[in-house]
Structures are given as structure tokens and as C-alpha cells.
Amino acid sequence: MENKHKTTIDRLIDFMDYKNLNDNKLTKLANLSVGLIGRARRNKSGLHTDTIEKILHTFPELNPTWLLTGNGSMLLSTEDNVIPKNIPLIKNSDTFIDEIFTTQKDIIYMLKKKYFKIEGS
């Protein structure tokens with residue numbers, strides 16, 4: 001499957017495979033709710049921003065742009081990988097939030113296009 005057509009949970013699973021992590025290990029390392037990853041995997045559902053933030057803080061090498069959009073590489077370069085774990089905010093958080101909103105708008109548009117006839121489509 002081409003990376004652009006994968007969902008955020010698909011890309012997270014790719015990262016988990018790369019790191020040799022199962023759902024339980026990721027849940028413990030990132031301090032997530034028990035069963036959250038398994039449910040998202042089964043339902044092919046998205047992840048809340050607080051969940052994504054916990055994952056990114058736990059794995060600072062994980063590229064947030066790739067995780068959310070599929071653009072770029074899975075891992076940040078060594079120079080980019082400088083987010084200290086004790087800082088609660090994500091590096092370039094405004095850009096990160098903008099990317100989330102853009103992704104959500106794209107998803108909403110695609111769903112509307114699929115279920116409603118939108119002029120010009």
C-alpha cells in the first residue's frame with residue numbers, strides 16, 4: 001500500500017514494527033490508556049491529539065509530519081531529534097497544530113465528497 005493512502009494508525013503500526021513494539025509495550029512506554037492502540041487498530045480509527053503528543057514525546061525520533069500526513073521520512077534526522085522529554089510542548093507546536101487542522105479539513109472534505117455530491121467534483 002502506498003504511504004499516502006495509509007491512515008495515521010497504519011503509519012503508527014509501521015513505526016511499531018520498525019521499533020519491534022507490540023500494542024502493550026507502546027501503551028506502557030507512552031503511558032496510554034490500556035486497549036487504546038488495539039481499538040484504533042481494529043476500527044481503523046484516528047488518534048486524539050493528546051495520544052499523538054504522548055507518542056511523540058516518548059519517541060522523539062518519530063517524525064510528526066510523517067505520522068500525521070505520510071509526508072517525509074518516518075524518522076527525524078539527528079539534528080531535528082533534539083526534543084527534550086521534560087518539555088511539555090512539541091517543537092514547532094503551531095506548525096504541528098496547523099498540520100493537524102489541515103489533515104482534519106482534508107478528511108472532512110473527502111468524507112463530504114464521498115457522501116454528498118459536491119459541485120466541481
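What percentage of the 121 residues in the protein do buried residues make up? Buried residues account for 33% of the 121 residues, where buried means under 20% relative accessible area, exposed over 50% and partly exposed in between (1.4 Å probe, protein chains only).

This is a predicted model, in which local features need pLDDT of at least 70, side-chain atom pairs count only at pLDDT 80 or more, and totals for chains, interfaces and linings use all residues. Residues are numbered from 1 along each chain as its sequence is written, and side-chain values use heavy atoms, with hydrogens and water left out.

The secondary structure consists of 6 helices and 0 strands (DSSP runs numbered from the N terminus: helices are H or I with at least four residues, strands E with at least two). The accessible surface comes to about 8300 Å², and 54% of that belongs to carbon and sulfur atoms; accessible areas come from the Shrake-Rupley method with a 1.4 Å probe, and for residues only the protein chains shown count as cover. Of the contacts (heavy atoms within 4.5 Å) with a separation of 6 or more, 52% are between residues 24 or more positions apart.

The largest pocket has a volume of about 680 Å³. A pocket is found on a 1 Å grid over the protein atoms alone, as an open set of points where a 1.4 Å probe fits, with protein on both sides within 12 Å along at least five of seven lines; lining residues have an atom within 4 Å of a point. Grid points are joined across faces, edges and corners, and the volume is the space filled by probe spheres set on the points. The lining has 25 residues, and Thr8, Arg11, Leu68, Thr103 and Ile107 are the closest to the pocket centre. Helices H1 (8–19), H4 (49–58), H5 (64–69) and H6 each supply at least two lining residues, with the largest share, 9 residues, coming from H6.

Three residues are listed below by place and accessibility.

| Residue | Place | Relative accessibility |
|---|---|---|
| Lysine 6 | segment before H1 | 19%, buried |
| Threonine 8 | helix H1 | 15%, buried |
| Methionine 110 | helix H6 (residues 93–115) | 53%, exposed |

Beyond its neighbours within four places in sequence, threonine 8 is in contact with Leu47, Leu67 and Leu68. The C-alpha atom of lysine 6 is separated by 8.7 Å from that of threonine 69, 63 residues apart along the chain.
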